[in-house]
Amino acid sequence: MKKGNAAALLPIGVFLVLYLGLGILFEYGMKIPMGFYNIPIVVVFLIALLVACLQNRALSFDEKLVLMGRGIGDKNIVTMILIFMAAGIFVGVVGRSSAESVAYFMLSVIPARYAVAVLFVVSCFVSTAMGTSVGTITLITPIAVAVATASGVSLPLCIGSVMGGAMFGDNLSFISDTTIAACQGQGCEMRDKFRENFVIALPAALLTLAVILVLSLRENIQPMELPAYNLVQIIPYVLVLIGGIAGVNVFVVLLIGILSGSAIMLGTGAIPAVELLSSMGAGAAGMFETTMVAILVSAICALIREYGGFTALLEWIQKVFRGKKGGQLGMGLLVGAMDIATANNTVAIVMANPIAAQMAENYGISRRKTASLLDTFSCVFQGIIPYGAQMLVAISAANALGRPVSAFEIIPRLYYPFLLLASSLVFIFLLPERKNRKEETR
């Protein structure tokens, strides 16, 4: 192992200071809507990479390029990028109208007094099927506002339920950016990570549902009129979900989803053939920033590792967090801190991956457990920070529909992220670790 060198962590510090500092300035100082997301994160990472290249004069620039190339060319990074592209094409093909169909169908067959619980369950399903919490919130929040307006139930409760369900799927979906980044970064199968995650997420989801039911049953909810819907378009999502759980190769699963989605969208006349091709391209292009972040972070981390930065960080972590359970908590707090600084859970996981992999080896934590912890804790923090994309999109959607609401009204109603954190801590500290006959070693 390289000798520890804390100064090698400077590029990460530069990134965090620039991104977090400018984000706070834009969002709260200059009052720019979605201020954090007006900062070109790729440019900030390029600055951090420049700082890394200027360090360690013992290595020539050509030698540093070789190191960066090895980091970017890692099998897990290449696989991650290809999955990002395929997942983007899938979402582009299928579109997002089917999410509304699921919501309206359930609201039509379940009594109105359970409407808020339906919003939570629908958000869980849609986000798991689509693999995007922001997309789910964008689609379901207008329905939540309509439910609150028509039924008289609390708007913060409705939006908090949607956000909680969205983070459930963000954490578990096989095509979520966070799942892809965590699994590929740790070299574990998505099915194994899902199983590890599910036993933590399910109790939190069931408790959240119980809390929502108790609160909503106190309200005097009125019936509402619902628009028409088409359930046929959810078939590709269901196929992807079933294939992922069954352990089918993720590329095969996505190919099935793309082909079935194309056939259904063309067969139902939902989209012309030419527009379908454009949607594929738009879906893949939508993954550009995520892909570039993965590439740049891989290059930066390769240099930091060579300079001894990760060794220094690990030495500090091992002094603070002792034992296997302490290591798991340290891993969760590490990715949580990254998420607070970047307001992006996928970026947080990509940044934490190499450090977490070394921690897992040192503490004897399995790949599946490591991937699960990274994804779960990143979703906990991303689900509650007031400047995250999820919160900002929800508030923006409500304001656009004439129902203004603030982040600090919604945060106390975010039952799922808080219960997910509690569930995670229970599984780390109070319950014995589940054994796996095929437990892997690093």
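How do the residues of the lining of the second largest pocket divide into nonpolar, polar and charged? The tour comes to that pocket after a view of the whole chain, and it should be kept in mind throughout that the model is predicted.

**The whole protein**

Start with the full C-alpha trace, which spans about 70 × 55 × 50 Å along its principal axes. Colouring by secondary structure will show 21 helices and 0 strands. The radius of gyration is 22 Å, and because a compact globule of 442 residues would have a value near 22 Å, the two agree.

**The second largest pocket**

Next select D74, R305, N353, P354 and A357, which are the closest to the centre of the second largest pocket among the 30 residues that line it. About 650 Å³ of space lies in this pocket. To see its walls, display α3 (61-72), α4, α9, α14, α15 (309-320) and α17, each of which supplies at least two residues of the lining. The opening question can now be settled: the lining of the second largest pocket divides into 12 nonpolar, 10 polar and 8 charged residues.

**The largest pocket**

Now move to T132, V134, D177, G286 and T290, which lie nearest the centre of the largest pocket, a space lined by 36 residues. The volume of the largest pocket is about 790 Å³. Helices that each give at least two residues to its lining are α4 (75-94), α7 (133-151), α9 (177-186), α13 (273-285), α14 (288-307), α17 and α19 (389-400). By class, the lining of the largest pocket holds 16 nonpolar, 16 polar and 4 charged residues.

**The enclosed spaces**

Rolling a probe the size of a water molecule over the atoms shows where empty space is left. A search of the whole structure finds 3 cavities of 30 Å³ or more, and the largest cavity has a volume of about 70 Å³. Select P11, I12, F15, F45, A48, V297, I300, C301, I304 and M351 to see the residues that line the largest cavity. Two or more of the lining residues come from each of α1 (10-29), α2 (41-54) and α14, with α14 giving the most, at 4 residues. The lining of the largest cavity is made up of 10 nonpolar residues, with no polar and no charged ones.

**Helices α17 and α18**

Return to α17, which has already appeared in the linings of the largest pocket and the second largest pocket, and display it together with α18. The axes of α17 (residues 345-363) and α18 (residues 367-384) come within 10 Å and cross at roughly 145°, in a crossing that is right-handed. For the contact itself, select N345, I349, A352, N353, A356 and A360 in α17, which meet T370, L374, D375, S378, C379 and Q382 in α18. This contact has 6 nonpolar, 5 polar and 1 charged residues. N353 belongs to the contact with α18 and is also one of the residues closest to the centre of the second largest pocket.

**Helices α12 and α13**

Finish with α12 (residues 250-267) and α13, which pack at an angle of about 145° with their axes 10 Å apart. Here, too, the crossing of α12 past α13 is right-handed. Showing side chains for I258, S262 and L266 in α12 brings up the residues that meet A273, L276 and M280 in α13, and this contact divides into 5 nonpolar, 1 polar and no charged residues. Helix α13 is also one of the helices that supply at least two residues to the lining of the largest pocket.

Note on methods
Residues are numbered from 1 along each chain as its sequence is written. This is a predicted model: local features need pLDDT of at least 70, side-chain atom pairs count only at pLDDT 80 or more; totals for chains, interfaces and linings use all residues. Side-chain values use heavy atoms; hydrogens and water are left out. Axes are lines fitted to C-alpha atoms, for helices over the stretch in contact, and angles run from 0 to 180 degrees between N-to-C directions. A crossing is left-handed if the near helix is turned anticlockwise from the far one by less than a right angle, and right-handed if clockwise. Contact means heavy atoms within 4.5 Å. Ala, Val, Leu, Ile, Met, Phe, Trp, Tyr, Cys and Pro count as nonpolar, Asp, Glu, Lys and Arg as charged, and the others, Gly among them, as polar. On a 1 Å grid over the protein atoms alone, a cavity is a set of points where a 1.4 Å probe fits but cannot get out, and a pocket is an open set with protein on both sides within 12 Å along at least five of seven lines; lining residues have an atom within 4 Å of a point. Grid points are joined across faces, edges and corners, and a volume is the space filled by probe spheres set on the points. The radius of gyration is taken over C-alpha atoms; the globule rule is 2.2 Å times the number of residues to the power 0.38.
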